[in-house]
Amino acid sequence: MTVVNERLVSQAILERWCEKFTNCLDLDVAVVGGGPSGMLAAWKLAGRGYKVALFERKLSLGGGMWGGGMTYNFIVVQDAGRRLLDELDVPTRPYGEGYHTADAVTATTTLASKACLAGTQVFNCLSVEDVVLREEGGVKRVAGLVVNSTPVEMTGLHVDPLVVHCRAVIEATGHAVEVLKTLVRKNGVSLNTPCGGIAGEQSMWADKAEADTLENTREIFPGIWVTGMAANASFGSYRMGPIFGGMLLSGEKVAEDIAARLGAH
Ligand code: 48F
């Protein structure tokens, strides 16, 4: 039997992680946030062969999908959302006319697993604290992400970050819209929204919010696309609670939009 050498275990982890991060210094797509919309987008884009990394502040992927509604761990989708759960092999059960339920933990873990197995490079416990800007022909665009360790962020230690470059950023940080808020606060730039800024999320109106989520999924500033609740919060639409079809469909849409923009790779 091999003698366990703790020094070799450390070396293996360090070498593998540095190799992984180094390979992600130039990405096709950088996803911020591992909730349902970010994971779905990563799964689709990595599955098409794009070089994708996903940065998630917490240790676990899943965002707001683990707990269903108020910790009662089921999610609900409509017919359109069920198509994607079928594609993921997540079992669903019909409920009433046009609704389906799925176990929240099964849905979350399956989506996380599919995104990883499709080739997404996941960096959990890393927080995105800023973006990289570039200017071409007088037009500014987002060209990368500034990332730091979550424990550094939590403790407020003064430690400088690391940077990755990418062709497209997906802002999937949910209700908080963190990356865009930083972009606007620091640079005073105008977004592709009616008010030119982040309009802010409105109260619960699930029917309208679900439709709006798809409509609001788009490139909001050169180089950065919004998806999921970040899309609705940016454009001033409503929240929808634990119905998740719009989140999944928004992830699919942002992946299609970015693939169309980036073209063949
Ligand atoms: O909130 P979240 O699940 O986003 P989503 O994909 O889905 C929203 C639903 O869960 C639900 C809803 C609709 O049914 O209303 O709330 O829009 O996941 C967002 C993820 O982004 C991470 C955060 O920890 C969470 O896992 N996140 C937020 N800010 C950062 C971040 C950051 N600065 N850097 C890295 N990760």
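The ligand occupies the largest pocket of this predicted model, a pocket being, on a 1 Å grid over the protein atoms alone, an open set of points with protein on both sides within 12 Å along at least five of seven lines. A molecule is taken to sit there if more than half of its atoms lie within 2 Å of the grid points. In this predicted model, local features need pLDDT of at least 70 and side-chain atom pairs count only at pLDDT 80 or more, while totals for chains, interfaces and linings use all residues. Residues are numbered from 1 along each chain as its sequence is written, and side-chain values use heavy atoms, with hydrogens and water left out.

Around the ligand stand 27 residues, each with a heavy atom within 4 Å of it. Ser 37, Glu 56, Gly 64, Met 229 and Gly 241 come nearest. By class, this shell holds 11 nonpolar, 12 polar and four charged residues, with Gly counted as polar and Asp, Glu, Lys and Arg as charged. Helix H2 (36–47), strand E2 (52–56) and strand E7 (126–136) each supply at least two shell residues, and E7 gives the most, with three; helices (at least four residues) and strands (at least two) are DSSP runs.

Polar contacts, pairs of N or O atoms within 3.5 Å, involve the backbone. A backbone N or O atom of Gly 64 is 2.8 Å from a ligand oxygen, and one of Val 128 is 2.9 Å from a ligand nitrogen. The protein buries 92% of the 730 Å² that the ligand exposes when taken alone, by the Shrake-Rupley method with a 1.4 Å probe.

Conventions: A polar contact is a pair of N or O atoms within 3.5 Å; within protein, one must be able to donate a hydrogen and the other to accept it, and residues adjacent in sequence count only if both atoms are side-chain atoms. On a 1 Å grid over the protein atoms alone, a cavity is a set of points where a 1.4 Å probe fits but cannot get out, and a pocket is an open set with protein on both sides within 12 Å along at least five of seven lines; lining residues have an atom within 4 Å of a point.
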